[in-house]
Amino acid sequence: MTLVHEPAAPATAKPSAPISIAGALNAALRDAIEADPSVVVFGEDVGPLGGVFRVTDGLAARFGENRVWDSPLAEAGIVGTAIGMAMYGMRPIVEMQFDAFSYPAFEQITSHLAKMHNRTRGAVRLPIVIRIPYAGGIGGVEHHSDSSEAYWTHTPGLTVVTPSNPADAYSMLREAIASDDPIIFLEPKSRYWSREDVALPVTTAPMTSAVVLREGTDVTLLAYGPTVRTALEAADQGALEGLSVEVIDLRSLSPFDDETVGASVRKTSRAAVIHEAAQFGGYGAEVAARVTERQFFYLAAPVLRITGFDIPYPSPKLEEHFLPTADRVLAALDTWEW
Amino acid sequence: MSDSVVGSQLPVRPTEKPICLIAADGKRTSPDLAAGFELPASDILLSLYRRMVLGRRFDVQVTAVTRQGRLATYPSAVGQEACEIGAVAALGDDDWLFPTYRDTMAVMTRGVAPADALRQFRGDWHMGFDPYEHRISVQATPLATQALHAVGLATAAKLKGDNVVALTFLGDGSTSEGDAHEAFNFAAVWQAPVVFVIQNNQYAISVPITKQSHARTLADKAIGYGMPGYYVDGNDVAAMYTVISAAVVNAREGRGPALIEGLTYRVEAHTNSDDPTRYRDRDEEDAWAALDPIARLERHLRGTGDLTEQLSAEIANEAETLAANVREAVNAETELDPLEIFDHVYVIPRETLAEQRDYLARELASAEQESDR
């Protein structure tokens, strides 16, 4: 079982230093561009500005405008041209500036990016990474806080991953760039600036696997991206009340790591999934259904979903009422008969 | 060709009237309609003529077998041969073609075997050939989306220093789509070696061009993007070939993209399930029939004496052989492996798909046992 929450520094690595998720992503992009001449980065404001979240900071100056450049402001255009570039042997990494701004690219992503390899019977590979800062918690005005993961996970052909900490941010982005499948890389924007000590370069668990961040025996909390911290907080608080909480960072939403999750649920007999996105038809529904179908006879209680409400993401002054909190998680666990 | 057109670094504005080199009566047009472009040599014209005759025979045959239920559907390009053939003839081997669903004639003309070109419409698979073998992308069904792929591929080639040009077809209806606008804009901003060929065949299924655009011409849209635009008689293959060739040369030599509108007409229905009598009249169809691209070049080549009876008979024979190939291709039974539907979804295999593949395999095996009983 891989524990990436406290990564062990390899003997040869540089000494660890505090680094944020944004900084780790920046380092991953830098190292990938350096390592492979076919890697290019483009999107809105990713050039001299370094992106609105500064994830591409310094890359255009370092590698030049033929490797990192500002595109016109059009998301379908960004993804559509990335597809053409990948057809010609490049490995484009593109940025959708905010989650809700990826919707103009929906057709290019779902009808072409996800289907080209299948349509061409394997002749055309599209090694493209679409980076999407997602979810809320930053006081963003409307359209800046969506959790749109279910749109992508519902689309066969896409691989959807999301890191929750700096070490994973580096390792998973490098793996995503090296992958021959198209990857939707969701970056939890409220966690961009949370720092941890990491020695780069770092390799954590494989991108498509879930990891147990904290071991426990009473309940399994399944979280990803921004809600991993929420789950860890709930585990801390639960421990004070004598509850032994296991926390799993799903990391990969598609594919889903049935093995790691199943092993945990068979041990604890109880599971809850936490996400910011609205509940109805959300990713948690898939998680609850899978766990129920596969682990039904081990379950002592129905799988719970602690999620955002079924409403559009609220305005900045009201978002605190929307986001799942550790208290809300524990309150939900209290609804079970123990 | 005059320097004012080829080799110019200045955007060229669309002409007042469509550029035309050979009129409907087969005669050469006046210099103002030629707009500085010169008529191709007779061997090129003969080659274009031959390919148009073959292209039409192919399309007519495919439409016929579709009516017999051999294909799931087929969007015909009859009447649009000058655009289809003129564009393909202007491309080099290393260049790329990004066709739409209506451009099977162009796909076949660029060298894809009829059986492979028709696999998509037979319903065997979504695409019937390897894009890298012929440098032809998938025939796009979602409108204008392929234009962005062309811009991306051309940009990648430019970044790698390869002299590759990407040509994408578009229809008049698809110019209303956002992806068309984004493709024109990205291509111009990035000075990508792309040639956009809009086949304005007057209809998007049933909706006429007048309900699609209020612009004087679709070629005029090029002005707004800062690229050359050419308004061309799309039923004159000499003009289409010559203008597209000039645009391809310009793109290849680093002078950026161009947008070409060919005025033409969709002679057949949108597909076999469409009924044009509900939205257009016979007079209109007759008027366009008089402008037919093959008949006009035939008149011209007979007038010049380049098309002899013997050559004409040879081409006709070749066309019948092609038609027989089409019939054979669509009548041949193809062996499809149902389990293959799982095999290309991802490069990296997925456990859940392996489970579902096993499920289908068991279902197929038990169905076979059932039928053996």
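This is a guided tour of a predicted model, with stops first in chain A and then in chain B.

Begin in chain A by selecting residues 245-249, which make up strand β11(A). Five of the five residues of this strand are buried, so β11(A) is largely enclosed by the rest of the structure. If you turn the view to inspect its two faces, you will find A:Val245, A:Val247 and A:Asp249 on one side, with A:Glu246 and A:Ile248 on the other, and these residues are all buried, so that both faces are covered.

Keep β11(A) displayed and add strand β9 of chain A, residues 211-214, which runs antiparallel to β11(A) and is joined to it by three bridges. To locate one point of this pairing, pick A:Arg214, whose bridge partner in β11(A) is A:Val247. Next add strand β10 of chain A, residues 219-223, which pairs with β11(A) in the parallel sense over five bridges; here A:Val219 has A:Val245 as its bridge partner. Now follow the chain from β10(A) through helix α8 of chain A, residues 227-240, to β11(A), and you will have traced a β-α-β crossover that is right-handed.

Move on to chain B and select its open sheet, in which five strands lie in the order β1-β2-β3-β7-β6 with parallel pairing. The edge strands, each pairing on one side only, are β1 (96-98) and β6 (229-233) of chain B, and the twist from one strand to the next averages 20°. At the β6 edge, display strand β7 of chain B, residues 258-263, which pairs with β6(B) in the parallel sense over five bridges; within this pair, B:Tyr231 stands opposite B:Glu261 of β7(B).

With the sheet still in view, add helix α8 of chain B, residues 145-160, which packs on the sheet by touching β1, β2 (166-171) and β3 (194-200) of chain B, its direction making about 165° with that of β2(B). Then add helix α11 of chain B, residues 237-252, which also packs on the sheet, touching β3, β6 and β7 of chain B, and whose direction makes about 170° with that of β7(B).

For the last stop, select residues 309-331 of chain B, helix α14(B), whose 23 residues reach 33 Å from the first C-alpha to the last, close to the 33 Å expected at 1.5 Å a residue. Colour B:Val326, B:Ala329 and B:Val330, which are buried. An α-helix has 3.6 residues a turn, so residues three or four places apart point the same way. Finally, show α2 (42-67), α5 (114-117) and α6 (119-122) of chain B, against which the buried residues of α14(B) pack.

Note on methods. Residues numbered from 1 in each chain as written. Chains lettered and ligands numbered in written order. Predicted model: local features only at pLDDT ≥ 70, side-chain atom pairs only at ≥ 80, totals over all residues. Buried ≥ 20, exposed ≤ 12 C-beta atoms within 10 Å, placed from the backbone. Helix = DSSP H or I, 4+ residues; strand = E, 2+ residues; numbered from the N terminus. Pairing = 2+ DSSP bridges. Right-handed = clockwise from strand over helix to strand, strands pointing away. Expected span 1.5 Å × (residues − 1). Contact = placed C-beta atoms within 7 Å. Axes fitted to C-alpha atoms, helices over the stretch in contact; angles between N-to-C directions.
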